[in-house]
Every structure is written in C-alpha cells, then in structure tokens.
Amino acid sequence: MSIIAARLLRGALGALLLGALLTQVLVPIAATEIGAEYPEVAYLVIPYSVAAILAIACIQAALCAVWRLLGLVTGGGIFTSRALRWVDVITWCAIAITLLTAGIMVHLVGVVQVGGPGVVLVMAASVTSGTALVLLMLVVRGLLKVSIEYRTELDVVI
C-alpha cells in the first residue's frame, strides 16, 4: 500500500472518528427536542439515546480496529494472528449494531407501534446491511486465516 493512500485513509478515519464523537454529543440534544415536540414518545428519549450512543461507540471501535489493521498493512504484519483479532473486533461491532437495530425495530413496530412504513423500511435496510457486513467480515476472516497459513508455510520453506 502506498504511503499516500495510507495517510489519506488515516485522515478519513480520523475525520469519521471526530464526526462520530460529535454525533454522540448531539444525539441527546436532538432526542430531547424530539421528545418535547412529540410528548407521546418522550419516554423513549433516554433509552433510544443510550442505544444510539452505544451504536456509535461500536462504530468508533470498528474504526479504531481498521486503523490498527492499516498499521499492520503498512508495517508488513498483516499476515499474523494479530490481524485476526482486529477483524474479530470489527465483526463483533457489526453484530452488536445489527442486533441493537433489530431490537429497536421490533420495539418500535411491535411494542410501541410508532413510525410508518418509512421507519420500517429504513430499519429493515439497516438490519439487512448489518447482516451483510457481518457475513462479509466472516469471509474476510476466512481469507485472512488461509493467507496466514500459506505465509507460515512459505516462511518454513524459505
């Protein structure tokens, strides 16, 4: 990987991390305003704010894991078991966000019965995307594991 691409990616990851931090600060403020505007859902402000902050924290953890993987790529250590741990972090973050989103969708639609078809479609798309990301990360983990085994064999031969 070229040094320029690595630096650009680190810059983008840093911007995403800062944006996520700002969003974590703004979520309770926006949720409080929505609760004041729609008093029938005001009791959902705190639990849904906590859920949103947790989801953003998972995104931040995944971005940090990508940062570490980038460090392994640029340092030549991507084909080690350390890389598998960071891929696992990304996978577990995606699982957590997907389950959290599915739980919120079931609660909104089934229990509270708030939100129209647009909310259901957005939540279903989020759950589907999260599931696809988890499956993709499992494939990446499998490919990385095989690559590590091949690299180990080549190191023994050489």
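## Helix pairs, cysteines and two residues

Helices α1 and α2 run roughly antiparallel to each other. Keep in mind that this is a predicted model. Here are some exercises to work through with it.

**Exercise 1.** Work out how α1 and α2 are oriented towards each other, and which kinds of residue make up their contact.

*Solution.* Start with the general recipe: two packed helices are described by the angle between their axes and the distance between the axes. Here, α1 covers residues 3–37 and α2 covers residues 45–75. Their axes sit 9 Å apart, at an angle of about 175°. Angles over 145 degrees count as roughly antiparallel, so that's the label for α1 and α2. As for the contact of α1 with α2, its residues split into 20 nonpolar, 9 polar and 1 charged.

**Exercise 2.** Do the same for α3 and α4, and add the handedness of their crossing.

*Solution.* First, find the helices: α3 is residues 81–112, and α4 is residues 117–157. Next, the geometry: the angle is about 165°, with the axes 9 Å apart. The cut-off for roughly antiparallel is over 145 degrees, so α3 and α4 get that label. The α3 and α4 crossing is left-handed. Finally, the residues in the contact of α3 with α4 come to 22 nonpolar, 7 polar and 3 charged.

**Exercise 3.** Find out how many disulfides the model has, checking C64 and C93 along the way.

*Solution.* Recall that a disulfide is a covalent bond between the sulfur atoms of two cysteines. The cut-off to use is a sulfur pair within 2.5 Å. Take C64: its closest cysteine sulfur is in C93, 9.2 Å away, so that's too far for a bond. Now C93: its closest cysteine sulfur belongs to C58, at 5.0 Å, which is again too far. The count by this rule is 0 disulfides. While you're there, look at accessibility: C64 is partly exposed at 39%, whereas C93 is buried at 10%.

**Exercise 4.** Is T101 buried or exposed, and which residues does T101 touch?

*Solution.* T101 sits in α3. Buried means under 20% relative accessible area, and T101 has 15%, so T101 is buried. Leaving out residues up to four places away in sequence, T101 touches M123, S126 and V127.

**Exercise 5.** Place R151 in the model, then say how far R151 is from T80 in sequence and in space.

*Solution.* R151 belongs to α4. Its relative accessible area is 37%, so R151 is partly exposed. Along the sequence, R151 and T80 are 71 residues apart, yet their C-alpha atoms are 8.8 Å apart in space.

Terms used. Residues are numbered from 1 along each chain as its sequence is written. This is a predicted model: local features need pLDDT of at least 70, side-chain atom pairs count only at pLDDT 80 or more; totals for chains, interfaces and linings use all residues. Side-chain values use heavy atoms; hydrogens and water are left out. Buried means under 20% relative accessible area, exposed over 50%, partly exposed in between (1.4 Å probe, protein chains only). Helices (H or I, at least four residues) and strands (E, at least two) are DSSP runs, numbered from the N terminus. Contact means heavy atoms within 4.5 Å. Axes are lines fitted to C-alpha atoms, for helices over the stretch in contact, and angles run from 0 to 180 degrees between N-to-C directions. Angles under 35 degrees count as roughly parallel, over 145 as roughly antiparallel, 65 to 115 as roughly perpendicular and the rest as oblique. A crossing is left-handed if the near helix is turned anticlockwise from the far one by less than a right angle, and right-handed if clockwise. Ala, Val, Leu, Ile, Met, Phe, Trp, Tyr, Cys and Pro count as nonpolar, Asp, Glu, Lys and Arg as charged, and the others, Gly among them, as polar.
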